[in-house]
Each structure stands twice: as structure tokens, then as C-alpha cells.
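Work through these exercises with the structure open beside you. Try each task before you read its solution.

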Amino acid sequence: MISLAGRDIMHSWGKFVFTGFGLGLLIGVTLIMAGVYRGMVDDAKVLLDNSSADLWVVQKNTLGPYAESSSIYDDEWRGIQSMPGVAQTANVTYLTMQVRHGDRDVRSMISGIAAGQPGLPGWPPYLIEGRQITRGHYEAVADQATGFKIGDSLQIRRNKYTVVGLTRRMVSSNGDPMVFIPLKDAQEAQFLKDNDAILEQRRRNQQSPEFSQPGNPGLLEALNRSQNNNPYVNSVLVQIKKGYSAKEVAKSIEKWKRLTVYTREDMEEILIGKLIATSSKQIGMFLVILAVVSAAIVAFIIYTLTLGKIREIAVLKLIGTRNRTIAGMILQQAIALGVIGFVVGKISATFGAPTFPKYVLLEPMDSVAGFFAVVIICVLSSVIAIRAALKVDPAEAVGG
């Protein structure tokens, strides 16, 4: 039985191999689609992991700082730092924008980190090259996915920054690579108005009788200075002490600071359940459709290959070959076709995944599940083909 199937494959091995190769490309696309979904979820988790935070303190009644805009005063960290159970705090800002380098723009998430040292919440946990930010202005650490190199000059808003360090796998929930700059620079980039807007605001202040009082000439100047300051951040990242419950510390901060506080579990729910929910559902629908189409194509291929050798099957029946032997031949060829297709698909997905602009995470369990799914589809398809083959009248098939 094995020899019969092998001999038939060798008789038309070129057609069989190319059919398996085409099937493999389809399976590879299905695996990559599943990897894209996995990658989106992993991006969200990596963003939280790399922040090194246990709690996120944000503007009250917002889903910030990743899913919604959040703005709180940059001195809130002092009061939070003194609360029971709090080990470290750090201000942070996030801004997604185009970062210009030479003649090209790179979409990145700009993260403003507070002065301190590695290990402070918000800082990149490790570098693969260069050093961390040591100056208060105009230095940057970038993810290697941006394509930047040590010493490159970046344009962020009106200022230029020199890349002093490179990190890896530091991305936003959308997969955009991150660029870290000093907090003061990030506040300016996010909140400061352009020069024309500043001049227009000063003109309006000067024309307002409330601020241009002859008996109080310093009022207008004080107002202009206050509008040029940017005392806001998007969030305060908090690390809690060992032995304390994150939920208890969060409730205490919410009670006394009147701000919204999220734990790690809360942030995962926001990022995965809300921020990327629509995209993940869309990818999930495409994956289901692609899986159904793939199954239909596999069944069609096996059925067509079987009908293509009806005369050979008829001859086998005329010389006394048992139906079980013929069914075994068709089943073995279907499984062999599925194995070839899966191997080609797995190889194409593995080597093709790094070329995608978004992170593609290929989980081993997805591959195992995909392999068994392909085998099951091939077996079910072979059953349909076997029924059609065994119903053939040998005399009519050979005579035709």
C-alpha cells in the first residue's frame, strides 16, 4: 500500500511537488496572519513590561496614557512618592509623531523620561549599544527598529537630538519603535506651541483689558511666562515595595490624590481589550476567512488530483485491487501533500515574518495546532475523494 502510493507520486512527482509548494504558500500566509495577531498582543505587553511600572497614575476618569490623552501636573510625583507602599515614582510623557533623520521620516513614539538612572520607571531597561541619557537636553536613545545609529542627528519638533544609545524591542502598542529623550524636552515637544501661536497668544493677552492693567504692568508679563511653561506630564509611573498589594496602593493614591490609578492587569485590559480590540477582531475575521478558504482549496486540490487518475484507479480495480488498498493510497497521498504544504508554509512564514513592517510572533503551539489542522483537513478531504473514486465504474472509466 505504501509502495503503491509512492509509485504513483514518483510517476508525476513534479506536479505533486509544485502543488504542495503552492499549498504551502497559502498555509504560510495563514500562519503569518495568526502571527500578526500574536504580535499585536505581544507589543502591548512589551510596552508595559519595558515601563518597569506596577501602577500608572493618570488624569482622573481617563484611560491614559496609552489609550487616551492624559495630563497631570509634573509635581504630583512628590506626593505619591511619600505614600505608604510606594518604592519609586517617575514622570513620563508619550507622543507619537514623525521623527526626521536626514531625508526620511520615521514614525515613532517619543517617550520623555525623568532625570535619574537606569532602573527608574520609564527608562529603557537595557541597551544593545551606546549609553543611557546623561544630559538634561538634546540626547536620545532609540530602538534599533528605527534604523538610527549611534551619533545620528534627529529632528524632533524644532530641536535636534543626538542618538547616544540603542535598545531593542521597545515599541508602542501599535508597533511603532520608541525614542527616549529627556523629560523637559519631551514636555516642550508635546505641549509647547509654535512661535506664531505664541506671538498670537501674547497679542491677544495684550489686547485684553483684564491683563493689560495700567496699575499692574507686571501682570501681562507674568501671564506670558506662565503660558510658556509646560508643567504637565501624561502619567506618573509607580513601583511598589515588596509586601504591598498593588490594588491597595492604587486605592490609597486614588483616595488622597484624586487621580485615576491602573494596575498592570488594568492596563493589559485597556490595551488588549480596548485599544487594539477592533484591529484584533478584524485580523481574527481575516484569519477565519483565510482558514476556511485554505480548507476549501486543500479539499479541491485533493479531489482534483484523485479525479485526475480515475483511469488508473479503474485499472487497479479491474486487476483485483481491494478498495481498502485504493483508499489507503489516496489517504497517504493526501497526508503527504499536507505535510509538504505545511513544511513549505512553516519555512516561508519563518523567513517571511521578519520582512513585515509589524512584529509577527510565531508561537510553537500555533504551528503544532496548524499542523494537526492541515492533517485533519487532508484526511477529511481524502474521505470525500475516496467516496468519489470508489463509485467509479471501472468498465466505463477504462472504456471512456
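**Exercise 1: A pair across the sequence**

Task: Find the salt bridge between Lys-257 and Glu-76, and say which parts of the chain the pair ties together.

Solution. Start with the distance: the closest N and O atoms of Lys-257 and Glu-76 are 3.3 Å apart. The cut-off is 4 Å, so the pair counts as a salt bridge. Next, place each residue. Lys-257 lies in helix H7 (residues 246–257), and Glu-76 in helix H3 (residues 76–81). The pair therefore ties together parts that are 181 residues apart in sequence. Last, check the cover. Lys-257 is partly exposed, at 25% relative accessibility. Glu-76 is buried, with a relative accessible area of 16%. Bear in mind that this is a predicted model.

**Exercise 2: A loop and a helix**

Task: Find the partner of Arg-169 in a salt bridge with an Asp, and locate both residues.

Solution. Arg-169 pairs with Asp-42, and their closest N and O atoms are 2.8 Å apart. Arg-169 sits in the loop between strand S8 (159–167) and strand S9 (178–182), while Asp-42 sits in helix H2 (residues 13–51), so the bridge ties together parts 127 residues apart in sequence. Asp-42 is partly exposed, with a relative accessible area of 22%.

**Exercise 3: A pair inside one helix**

Task: Locate Glu-268 and Arg-264, and state how they are spaced.

Solution. Both residues lie in helix H8 (residues 264–275). They are four residues apart, about one turn of the helix. Their closest N and O atoms are 3.0 Å apart, and they form a salt bridge. Glu-268 is partly exposed at 25% relative accessible area. Arg-264 is partly exposed too, at 22%. Now look for shared partners: salt bridges join Asp-42, Asp-43 and Arg-169 into one network. The count of salt bridges comes to nine.

**Exercise 4: Annotated spans**

Task: Which residues does the UniProt annotation "transmembrane region" cover, and what is the make-up of residues 16–37 and 326–348?

Solution. Take the record before the model. The unreviewed UniProt entry gives residues 16–37, 283–305, 326–348 and 368–390. Now turn to the model. Residues 16–37 are 100% helix and 0% strand, with end C-alpha atoms 32 Å apart. Residues 326–348 are also 100% helix and 0% strand, and their end C-alpha atoms are 33 Å apart.

**Exercise 5: Cores and a surface patch**

Task: Which elements give two or more residues to the largest nonpolar core?

Solution. This core has 31 residues. Among those with the most contacts inside it are Ile-27, Ile-302 and Leu-337. The elements asked for are H2, helix H9 (277–307), helix H10 (310–318), helix H11 (323–352) and helix H12 (364–390). Follow Ile-27: leaving aside residues up to four places away in sequence, Ile-27 touches Gly-341, Phe-342, Gly-345 and Val-374. A second, separate core of 25 residues includes Trp-123, Ile-133, Met-178 and Leu-271.

Then move to the surface. Leu-331, Ile-335, Val-339, Val-343, Ile-347 and Phe-351 make a nonpolar patch of about 490 Å². Val-343 is found in helix H11. At 41% relative accessibility, Val-343 is partly exposed.

**Exercise 6: The whole chain**

Task: How many helices and strands does the chain have, and what share of its residues is buried?

Solution. Count the elements: 13 helices and twelve strands. Then take the cover: buried residues make up 44% of the 400 residues. The accessible surface comes to about 21100 Å², with 59% of it belonging to carbon and sulfur atoms.

Methods: Residues are numbered from 1 along each chain as its sequence is written. This is a predicted model: local features need pLDDT of at least 70, side-chain atom pairs count only at pLDDT 80 or more; totals for chains, interfaces and linings use all residues. Side-chain values use heavy atoms; hydrogens and water are left out. A salt bridge is a side-chain nitrogen of Lys or Arg within 4 Å of a carboxyl oxygen of Asp or Glu. Buried means under 20% relative accessible area, exposed over 50%, partly exposed in between (1.4 Å probe, protein chains only). UniProt positions are given in the numbering used here, feature names are shortened, and annotations may be inferred rather than shown by experiment. A nonpolar core is a set of buried Ala, Val, Leu, Ile, Met, Phe, Trp, Tyr and Cys residues joined through side-chain atoms within 4.5 Å. Contact means heavy atoms within 4.5 Å. Patches are made of residues with over 30% relative accessible area and no salt bridge: like charges are joined within 9 Å, nonpolar side chains (Val, Leu, Ile, Met, Phe, Trp, Tyr) within 5 Å. Accessible areas come from the Shrake-Rupley method with a 1.4 Å probe; for residues, only the protein chains shown count as cover.
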